[in-house]
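Student: I am new to this structure and would like a close look at one part of it, the salt bridges. Could you walk me through them and set them in the context of the whole protein?

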Amino acid sequence: MPPESMPPETTTPETMPSGIMPPGTSGRKLLPLLGRDAVAPADVFALCQNAFWLRRHLACDESYAKRQVLLVGFHALAGLKVPTVCKIEFANCFPDDLMVKIEFGGELEDVPITPALARLLKDWMEVRPASVSGKLFATADGPITRNTLAMAMATMGRTFGMPRFADALIGFFKANLHGENAKADEAAAARAYVTRAMARAGVTFEAIGRLVRRTDPFKESARFIGDPTLQGWQDLVGASALPATYDDCLDEDAFGRKGPRSWRLAADHPLVIDLTSYVWPKKRREAVAARAALYDKHAELIDGLIAEGAVSIAQLAQLFAMSKVGFVKLRRRRLAARAAGPPGMGSGKAQAKRKCGDKGGGTAACAVAAFADPSCLAFASVERLRRVRWPKNPKRRVGLREPLFEKYGAEIERLVAEGRLLMREADALFGYAKNGFRFRLARARREAAGIPANRHPLYDVADCSAEERKRLNKIADLRWPAGEARVAFGLEVLRKHAAFVCTLVDARKLRVADAASLLGMSKGRFTLLRAEFKAGTLDFALAPHAQGDRDLWRELVLRELEARPAGQGVVAFCTGLRRRYGMSLPFDFVRHVVETVGRIPATPKRATPAPPTATAEERVRIDAIAATDWKEGFEDETRRALLKDHFAFVFVMIDARKVSMAQAGRLFRVRQDLMTQLRADFRAGCFDWALRPPLSETERRRWRALVRREWPKRPEGQTPNEFCRALRKRFDFPLPFSAINNVLAHMRLHDPHEPSLYSEPRRMRQELTDLDRRVVRSLVKADWSGVADVEALRRELLVEHLGAVVVMLDAWKLDMARAAELFRMSKTKMARLCREHREGTFELAVAPPATREEKEAARETVVAEIAIRGVVDNVPDFWHRLRRERRLPLSLHEVRHLVRSCAAAEAEAIAA
């Protein structure tokens, strides 16, 4: 092209720096970093140049180049990996202040950056497209995903011949931070920067900033970045093992059409004059028709200029008043229209058949009716594949495709690279769905290079030796027991194999998730185990320990906590205690003590005695019941016979705590809730119903009618269970308790507004008065959001309004769910508070917690009452009576625990 045809602002190939020359003009250097474990400063400097990342297939897009430079810079100059980089927000970047705000652990941390990284960051922020996303790495359509950036780093590693390229960049950063020039007084700042605990470690932002700027590898050469005219730039790039551009690291087959870069046409070119002088119609359809007509008019000239590289697609799109994508689509449509010939060729029926393919005989023809570039039909491979009829059976299709791919795949790939074939056309020629041909090419390259098809290339692991693999298989084949024995078995496995597994993980021969699964623990627990292994305290962490020593160790932890260094984590603090004092208590104990320093330790619970052991005769009888032969079809008869012969014995064993309810249910093959009902009926003397055969449907209807008749007559406050036992004693009621529940459910269908399960049928809810509405409105408008002590606010609302709410509940103006919602508590707790209000013990429920002396006196009162009564059958009634009569400050749970302890002590005394 003559020089006068170029605009003055255009750079010529002769004046272009070597860093942005097309790949064909410089010497190639395949796998430049092959065999190296680390990157040199000169290599990182070369990677931080925009010119290195100007890719030919992207028309030397500077936006892409600056994005790649920043991604490499975050790894090599800040030690930030892809997961962290993806979280950075555009609004949290301040390159002029040498700072970036990044979220760690739910909090934004101020992370200082080097001047060189700030310059790269500022370059990208200036060209970053306006996006719907607020992330730093984003396109116009949204954020760039973590997987995309991770695959970009993995692709760089494969291109440079360094599989762990991202790790090498992180190692470069850490080597500068902790290298030979590191100072002892900056160790805390370096540790805080690496662990991203700047605010929590007690190290100032200025100290970390001074450390980062002092250890910056390019503090003396940052001014050379992006300026090839300086001698320092030439020296650093010349010392690098990398070539001038990224494309020079690729094989020549990675590029399609060869030749010089496309340039712009001069303003006096006939095509430019004709298109710029045309006035485009304002109506869209007319403009589409005008573009098609103008393209057909200049089609031969445009094709020749594109083939010669004399014009770029961007300039043609500008001349046609279109985007680049729109012009490419226009060109393909016009090429296809010319290839199809004059309109009307062939019948519509034949065209539809060619488009859809012949569906008879279980095969389908090629789905391409007309190729975008008809010149591809001159190749024998395209013509051969176009005539193939692909079977609909997937297995037969694969068997037919593989030989054809081996024979014609390379030529079809070359045609796609040259632009003669579209990727969807290649997919159709080989009978693939969308992108199938692309994935098949990628698989072929991996197979040729011997690279395994990993889903995440960044997390490749090295191969284990035969002995290591044998031991891993031995651990994987272990049979883990169930129940309580699993814990002891897991500890034994950890003592034998934890060090070996941690060694493999540190050598990157085993993934963390696989190692955790192998040892039967979560990934978080395994991370703690690795920390103990690295600190050399694994034996102490897995050693047995006594529960009685916790008070002594707690005092030691509290004493050492005062001298704990600022910024030291809980894990490091725990391992330090193990090294100095040989502590064998678990890490959770140390963490709990550290997090609850201000709490008063609770009174140690009284040791619950172990359940009594069954005698030899009792075990023989239990084994005989468990060995019963349950014949298919006769389960009910077998169960009734067992209940008749053995239930009294099992009942005594349950009361003696020698058999649990779950074990008893398994003996008789009944659910645990039904076993509880049988036990209550046996205690009440109405157990005979369980020994009778099933009733007919007529008799069941008669008994259900009895339930509907007697339900409204029951005493006030009687529960359905008590009602069922009353029916058994009065009428010898033979149906199970579930039958009463079904009857009550059908009764509630007639009264959907009924607020209680135990209400009279057909009762309707009453309307609220004005006073009631004011109470409800004041509760609804209570401000819960800005209150520091929520319990105090709830206590005030209960004291002020619970009386009115209880009156509304008794008058059927509110249901329990709505009342609980007003005070923001559960329905169970709301019902308990309402009962205490009715019984006059409400002030005890909302009173401040009792002191330790008051609780000890209350426990003595409860124990004395238990000694007087002997046996406490109904603990809730016993607790309510003590609340009314003795103003007992203990909760129901505490009273139930005392009753069980006294019963266990009495059983031990009887056994002795």
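**A close look at the salt bridges**

Tutor: Happy to! The protein exposes about 52000 Å², and carbon and sulfur atoms supply 54% of that area. Please keep in mind that this is a predicted model. Its 912 residues include a buried share of 38%, and the chain forms 42 helices and seven strands. Among contacts between residues at least 6 apart in sequence, 63% join residues at least 24 apart.

Now to the part you asked about. Side chains of opposite charge can pair when their charged atoms come close. The structure holds 47 salt bridges, and a few of them make good examples.

Start with R639 and D636, whose closest N and O atoms are 3.1 Å apart. Both sit in helix α29 (residues 635–655), and because they are three residues apart there, about one helical turn separates them. What about their surroundings? R639 counts as buried, since its relative accessibility is 18% and the cut-off for buried is under 20%. D636, at 42% relative accessibility, counts as partly exposed.

Next comes a pair that links distant parts of the chain: D681 belongs to helix α31 (residues 672–684) and R728 to helix α33 (residues 720–731), with their positions 47 residues apart in sequence. D681 and R728 form a salt bridge in which the closest N and O atoms are 3.6 Å apart. Both D681 and R728 are buried.

For a third example, look at R818 and E821, which form a salt bridge with their closest N and O atoms 3.8 Å apart. Helix α37 (residues 816–823) holds both of them, and about one helical turn separates the two because they are three residues apart. R818 is partly exposed at 30% relative accessibility, while E821 has 52% and counts as exposed. Elsewhere, salt bridges with shared partners join E402, R440, R443 and E447 into one network.

To finish, let us turn to some charges on the surface. K470, R471, K474 and K496 gather there in a patch of positive charge. Helix α20 (residues 466–476) gives the patch its largest share, three residues. R471 is in helix α20, and its relative accessible area of 32% makes it partly exposed.

How values were computed
Residues numbered from 1 in each chain as written. Predicted model: local features only at pLDDT ≥ 70, side-chain atom pairs only at ≥ 80, totals over all residues. Heavy atoms only, no water. Patch = residues over 30% accessible without salt bridge, like charges linked within 9 Å, V, L, I, M, F, W, Y side chains within 5 Å. Areas by Shrake-Rupley, 256 points an atom, 1.4 Å probe, with all protein chains shown as cover. Salt bridge = Lys/Arg side-chain N within 4 Å of Asp/Glu carboxyl O. Lys, Arg positive; Asp, Glu negative; His and termini not counted. Charge placed at Lys NZ, Arg CZ, Asp CG, Glu CD. Helix = DSSP H or I, 4+ residues; strand = E, 2+ residues; numbered from the N terminus. Buried < 20%, exposed > 50% of the residue type's maximum accessible area, 1.4 Å probe, protein only. Contact = heavy atoms within 4.5 Å.
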